[in-house]
Amino acid sequence: MRKNNSGMTIVEIVVVVAILAILAGTGLYGIGQLGGFRAREGADTIYNSLMEARIATLGKAKSTGNIAWELYEKDGSFYVRTVYDADGTPYYRDEQKIVDGKVTVSTGQKNGAAVSVAEMASGETYRVYFNRSTGAACAADGATLALNPYIVVKYGAKDYGVEIVAKTGKIISDTVKK
């Protein structure tokens, strides 16, 4: 006697549904990571340009005047650059677009775990100076800052921060492994 077993058992259906659920979850996680890539890339660009400006300040500032680092918005995109002779007749070097694509950038201060930032307005410029002898972050007149400058790059639900420790000038990024 022969039986016709042309259908699927409940166990086979459960296994197929479980495999599909795992694949869908993995795919959605990957799509979410793609959006966060732009924010991470922007934070990395800020981190690297801050390091270059700090090194330039420590190495060349006596012959070029005060050096500052600038973050600014132009034509709907954000850029960073190093400003030489920031107090005299400035000239600009190393201009870089932070990232292609729509990101938001917020600037402010950080004190321990307390963060106070506001989104940059159109046409706004954010400037950071470094002390020539110590590399510490300072005001334009050389005065030590009370709080640490903090910059946040956000794309979708992902955001990454870059902090400048005011007393030492150390630059800390959420994207760089400590």
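Which residue in β7 is the bridge partner of F130? Hold that thought, everyone, and I'll get to it once we've walked through the sheet.

Hi all. What you have in front of you is a predicted model, so let me begin with confidence. The average pLDDT for the protein is 82, and 85% of the residues score at least 70. By element, helix α1, residues 10–64, has the lowest confidence, with a mean of 81. At the other end is strand β10, residues 171–173, which has the highest, at 90. A general caution here: where pLDDT is low, please don't read the predicted coordinates in detail.

Now let's go to the N-terminal part. There is a nonpolar patch on the surface, and its members are M8, I10, V11, I13, V14, V15, V16, V17, I19, L20 and L23. Together they have about 1100 Å² of accessible area. If you'd like one residue to click on, take L20, which lies in helix α1. Buried or exposed, what is L20? L20 is exposed, because its relative accessible area is 53% and the cut-off for exposed is over 50%.

On to the sheet. This is an open sheet of 5 strands, and reading across, the order is β3-β2-β1-β6-β7, with antiparallel pairing. At the edges sit β3, residues 91–97, and β7, residues 137–138, and each of these pairs on one side only.

Let's work outwards from β1, residues 67–74. That strand is mostly covered, with 7 of its 8 residues buried. One neighbour is β2, residues 77–84, which runs antiparallel to β1 and is joined to it by 8 bridges. To find the register, look at A68, which stands opposite V83 in β2. The other neighbour is β6, residues 125–130, also paired with β1 in the antiparallel sense, over 5 bridges. There, E70 has R127 in β6 as its bridge partner.

Continue across the sheet from β6 and you come to β7. Those two strands run antiparallel and are joined by 2 bridges. And here is the reply to my opening question: F130 has A137 as its bridge partner in β7.

Next, some backbone angles. β1 and β2 form a hairpin with 2 residues between them, and D75 belongs to that turn. The phi of D75 is near 55°, a positive value in a residue other than glycine. D75 counts as exposed because its relative accessibility is 73%, with exposed meaning over 50%.

D94 is another one to look at. Where does D94 lie? In strand β3, which is one of the edge strands. Phi of D94 is near 60°, again positive in a residue other than glycine. Relative accessibility for D94 is 35%, so D94 counts as partly exposed.

My last stop is A157, which is found in the loop between β8, residues 148–155, and β9, residues 158–164. A157 has 79% relative accessibility and therefore counts as exposed. Do look at A157 together with A39, please. Along the chain they are 118 residues apart, and their C-alpha atoms are separated by 9.5 Å.

To recap, then: the nonpolar surface patch includes L20, the open sheet has 5 strands, and D75 and D94 have positive phi values. Thanks, everyone, and over to you for questions.

Technical notes: Residues are numbered from 1 along each chain as its sequence is written. This is a predicted model: local features need pLDDT of at least 70, side-chain atom pairs count only at pLDDT 80 or more; totals for chains, interfaces and linings use all residues. Side-chain values use heavy atoms; hydrogens and water are left out. pLDDT is the predictor's confidence in each residue, from 0 to 100. Helices (H or I, at least four residues) and strands (E, at least two) are DSSP runs, numbered from the N terminus. Patches are made of residues with over 30% relative accessible area and no salt bridge: like charges are joined within 9 Å, nonpolar side chains (Val, Leu, Ile, Met, Phe, Trp, Tyr) within 5 Å. Accessible areas come from the Shrake-Rupley method with a 1.4 Å probe; for residues, only the protein chains shown count as cover. A salt bridge is a side-chain nitrogen of Lys or Arg within 4 Å of a carboxyl oxygen of Asp or Glu. Buried means under 20% relative accessible area, exposed over 50%, partly exposed in between (1.4 Å probe, protein chains only). Two strands pair if DSSP finds at least two bridges between them.
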